[in-house]
Amino acid sequence: MANKTKFQAIKGTRDLLPPDTELWNRVEATAREVFGTFGFGEIRPPIFEPTELFARSIGADTDVVGKEMYTFEDRDNSSISLRPEATASVCRVYIEHGMHAWPQPVKLYYLGPMFRRERPQKGRYRQFYQIGAEVLETVQPGQGGPKDIPKDAAVDAEVIEMVMAFFARLGLEGVQLEINSIGHAAENCRRGYVQKLKAALEQVKDKLGPDSQRRIETNPLRVLDSKLESEQAIIAGLPKISEHLCDDCAKQYAEVKRQLDLRGVKYTENWRLVRGLDYYMRTTFEITARGLGSQNAVCGGGRYDGLVELLGGLPTKGIGFAIGEDRLILSLQEAGKGGAEAGRDVFVAWMGEKAQTSAIAAAQRLRAAGFRVELPPVEQKFGKALGQADKLGARYALILGEDEIATGQWTVKTLADGAQAKMSESEFLEKLKRL
Ligand code: AMP
């Protein structure tokens with residue numbers, strides 16, 4: 001007896017179906033268009049990489065690497081992981097393809113699925129999609145250091161401006177940009193701050209929840225991320241990183257704000273914005289949008305100078321972001337901006353054997369002109385044909401019978417209002433183009 005198991009998509013994964021996929025395609029086409037105008041080129045790295053690439057870049061102590069990666073042993077015993085994000089891949093690509101020798105800076109974008117074994121909920125999936133971009137620049141001998149601050153800040157601001165331009169083009173609503181600087185890993189900067197933060201957290205340890213208590217040891221900065229109601233007042237009283245930035249990081253942060261102002265990009269500052277991944281430094285940002293409930297971050301990004309070097313490349317600066325495409329789409333749909341277009345432009349209702357030849361030719365010419373055409377494979381009764389045209393959401397029914405073929409005058413029915421008119425093929429094409 002046949003096995004009747006019903007297969008289902010694995011928990012946390014989804015099938016994307018028409019007409020929703022039209023919106024996905026529109027979003028992706030818009031990203032390509034907008035990013036292209038800023039001089040970015042697309043890369044398509046593989047979706048799996050050596051596990052070590054992620055462990056080393058994201059950090060072995062992070063939730064993403066420690067708990068959420070899909071890791072498996074390949075047949076040659078090497079450890080492979082499905083990518084939980086793509087910045088590490090982009091850095092590997094940069095190194096592997098000698099991009100330090102390309103005209104600098106190198107501006108790249110990607111889009112595609114990422115994989116994290118998180119607890120699924122609205123806006124959070126185990127296979128989700130990101131659209132991201134990175135700007136990488138290898139530091140030339142004699143360059144770098146404090147004199148690069150204005151340049152780096154302008155690059156940061158332009159990257160942020162690009163995401164905001166993309167969201168504006170899509171008509172995303174309730175977009176809010178938050179920025180922060182998390183300094184750099186030095187005693188007189190973030191490291192010193194983290195020590196102070198840790199000491200302050202130890203003092204209030206009893207009042208914190210178990211997650212935050214654990215993070216005092218593993219990753220104190222992440223406590224600032226907490227959404228627990230009972231911890232908010234305590235967190236508000238903790239030392240702030242903005243008061244512990246070194247001079248260079250403070251200058252860079254001030255310059256980023258000035259550059260955002262120059263570009264007319266509105267932001268708010270959020271000293272609690274720390275980002276979950278280890279490799280960020282200085283500029284960090286997050287963008288939220290309407291209609292997403294608790295998972296309302298649609299984009300996160302920041303600067304990560306030094307990551308390429310950590311992965312075996314030359315000293316290289318980096319700044320980038322990743323947009324959560326699933327959430328972006330949800331927000332657009334909630335705002336009624338996901339309206340899929342009508343299913344077909346033209347339904348060819350043909351009757352009689354002779355008419356089939358004309359119907360095939362008409363469908364070919366209309367499709368070649370770019371219109372979406374439904375051509376029934378067999379003759380249908382008039383009423384049934386119109387019913388099907390209606391169900392498919394067609395705009396027009398093109399009625400082809402013996403009469404129409406003899407006279408060369410097509411009968412065109414507008415399905416929205418039932419109006420019917422006779423016209424030549426070229427007149428019909430004109431009418432379609434005016435849509
Ligand atoms: P991250 O790579 O963690 O900085 O995340 C960047 C963006 O990706 C977030 O702002 C979210 O919009 C999106 N994102 C991250 N994890 C998920 C997930 N599990 N499901 C859906 N979107 C996600």
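Me: Ala, Val, Leu, Ile, Met, Phe, Trp, Tyr, Cys and Pro count as nonpolar, Asp, Glu, Lys and Arg as charged, and the others, Gly among them, as polar. With that rule, how do the residues lining the largest cavity of this predicted model divide?

Reply: They divide into 5 nonpolar, 1 polar and 4 charged. Glu137, Asp152, Arg303 and Lys317 are in the lining, and they count as charged because Asp, Glu, Lys and Arg are put in that class. Gly318 also lines this cavity, and Gly counts as polar.

Me: Why is the space called a cavity?

Reply: Because a 1.4 Å probe fits there but cannot get out. The search of the whole structure finds 3 cavities of 30 Å³ or more, and the largest has a volume of about 60 Å³. E6, helix H5 (149–170) and E11 each give two or more residues to its lining.

Me: What makes up the lining of the second largest cavity, by class?

Reply: It has 1 nonpolar, 4 polar and 4 charged residues. Val139 is in this lining, and Val counts as nonpolar. The volume here is about 40 Å³.

Me: Why is the pair between Arg116 and the ligand called a polar contact?

Reply: A polar side-chain atom of Arg116 lies 2.8 Å from an oxygen atom of the ligand, and the limit is 3.5 Å, so the pair qualifies. Glu118 has a polar side-chain atom 2.6 Å from a ligand nitrogen atom. For Gly324, a polar backbone atom is 3.4 Å from a ligand oxygen atom, which is also within 3.5 Å.

Methods
Residues numbered from 1 in each chain as written. Predicted model: local features only at pLDDT ≥ 70, side-chain atom pairs only at ≥ 80, totals over all residues. Heavy atoms only, no water. Polar contact = N/O pair within 3.5 Å; in protein donor to acceptor, adjacent residues only side chain to side chain. 1 Å grid on protein atoms, 1.4 Å probe; cavity = no way out; pocket = protein on both sides within 12 Å on 5 of 7 lines; lining within 4 Å. Points joined across faces, edges and corners; volume = space filled by probe spheres on them. Helix = DSSP H or I, 4+ residues; strand = E, 2+ residues; numbered from the N terminus.
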